[in-house]
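Colleague: I am new to this structure and would be grateful for a close look at a single part of it. Please set that part in the context of the whole chain afterwards.

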Amino acid sequence: MTGREPAVRTVLGDIPGDELGICDAHDHLFLRSPLLAGQELDDPGDAARRLRAFRDLGGGTVVQWTPHGMGRRAEDLVALSRATGVRLVAATGLHQARHYGAGTLDGLPEDLAGLFTTELTEGIAGTGIRAGLIKVAGDFHGLDAHARRTLSAAARAHHRTGAPVAVHLEQGTAALEVLDLLCGEEGMAPGRVVLGHLGRFPDHVTHREAARAGAYLAFDGPSRAHHATDWRLPGELAELAGAGFADRLLLGGDTTVPGTPGMPFLLGGLRARLELTLGAGLVERILTANPARAFATVWTDPG
């Protein structure tokens, strides 16, 4: 690669987007939060088993959205990728404040954009690997002060590096508020933004507006907490595709606690169900061509 061509930054290096293969666009191999005490994802052996199951079903790449300070175990990702043959993308960024223990955020530098930029370009401390996206979060039906600070920092780091920005939408809400801040106030191109958890707030008007703006829409799950919206997924995707937004859609397993169906179910159960409604060709595009564009960027070095 010349360095001026769009590339996805994996833990093993930068690759063209078309080498991702089938992609789980939003998942977690490791995750720790005070809100999920006793349900940590912190077992490299379990992570390897899930990755192998995903690979055996045809999977090629997993984009891990676990950000800074949430037990992402970045130091294990290279070995896992090599051992399983699955490409991995690591994340920098910050989640909502409530996902961090007391005093954890106090120890962060004031310049969050600088922290994100360093992890994208120089590497995550102690690991030698570079993150390939910035994960941040909105709040429920709005943006609190923490969300505004971290989203703005993510946008600044994006402008310095080109990195895509992936956003946790709380219960699927505040998608347009997020885009107003990132793309309106901060000047990001909407095509560099991935909006997560949209299926948890099945508002077709909001979904269409976000897709029309040019953002990528990630539909992820299923999970025990949000299973009530899972049955709507084929219809939601069909509606958006029928409206001309098939190229904006992404799918992910979003494993957050042990026992979540996650990445093996994405290909072993959900794919066949979606093919009945959308057709195999469109599902293949959503799993391959769309993430190849969403996570590839022309990387720049701010130094």
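Modeller: I begin with helix α3, where Leu 112, Ala 113, Gly 114, Leu 115, Phe 116, Thr 117, Glu 119, Leu 120 and Thr 121 are buried. The model is a predicted one. Since buried residues account for nine of the ten in α3, the helix is largely enclosed by the rest of the structure. The partners against which these buried residues pack are strand β1 (8-10), strand β6, strand β7 (133-137) and helix α4 (145-161). Just beyond the helix comes Gly 123, whose phi is positive, at about 130 degrees.

The loop that leads from β6 (91-93) to α3 (112-121) contains His 95. His 95 has a relative accessible area of 6%, which is under the 20% limit for a buried residue. With neighbours within four places in sequence left aside, the contacts of His 95 are Pro 67, Met 70, Tyr 100, Lys 135, Ala 137, His 146 and His 168.

One of these contacts, Met 70, merits a description of its own. Met 70 belongs to the loop between β4 and α2 (77-84), and its relative accessible area of 1% makes it buried as well. When residues up to four places away in sequence are not counted, Met 70 touches Leu 31, Arg 32, Ser 33, His 95, His 99 and Tyr 100. Tyr 100 is thus in contact with His 95 and also with Met 70. Between Met 70 and Pro 34 there are 9.5 Å from C-alpha to C-alpha, although the two are 36 residues apart in sequence.

Strand β4, which precedes the loop of Met 70, leads to a sheet. This open sheet has three strands in the order β3-β4-β5, paired in parallel. Its edge strands, β3 and β5 (87-89), each pair on one side only. From one strand to the next, the twist averages 20 degrees. Helix α8 (residues 262-278) packs on the sheet, where it touches β3 and β4, and its direction makes about 125 degrees with that of β3.

The pairings can be followed strand by strand. Four bridges link β3 to strand β4 (residues 59-64) in the parallel sense, and Ile 22 has Gly 59 of β4 as its bridge partner. On the other side, β4 and β5 run parallel and are joined by three bridges; there, Val 63 has Val 89 of β5 as its bridge partner. Strand β3 (residues 22-27) is mostly covered, with six of its six residues buried. Together with helix α1 (residues 44-56) and β4, strand β3 makes a right-handed β-α-β unit.

Finally, the whole chain. Its secondary structure amounts to ten helices and eleven strands. The radius of gyration is 17 Å, close to the 19 Å that the globule rule gives for 303 residues, so the chain is as compact as a globular protein of that length. Along the principal axes, its C-alpha atoms fill a box of roughly 50 × 45 × 40 Å. Of the 303 residues, 58% are buried. Among the contacts between residues at least 6 apart in sequence, 77% join residues at least 24 apart. The exposed area of the chain is about 11,400 Å², of which carbon and sulfur atoms supply 52%.

Technical notes: Residues numbered from 1 in each chain as written. Predicted model: local features only at pLDDT ≥ 70, side-chain atom pairs only at ≥ 80, totals over all residues. Heavy atoms only, no water. Buried < 20%, exposed > 50% of the residue type's maximum accessible area, 1.4 Å probe, protein only. Helix = DSSP H or I, 4+ residues; strand = E, 2+ residues; numbered from the N terminus. Pairing = 2+ DSSP bridges. Right-handed = clockwise from strand over helix to strand, strands pointing away. Rg over C-alpha atoms; globule rule 2.2 N^0.38 Å. Contact = heavy atoms within 4.5 Å. Areas by Shrake-Rupley, 256 points an atom, 1.4 Å probe, with all protein chains shown as cover. Axes fitted to C-alpha atoms, helices over the stretch in contact; angles between N-to-C directions.
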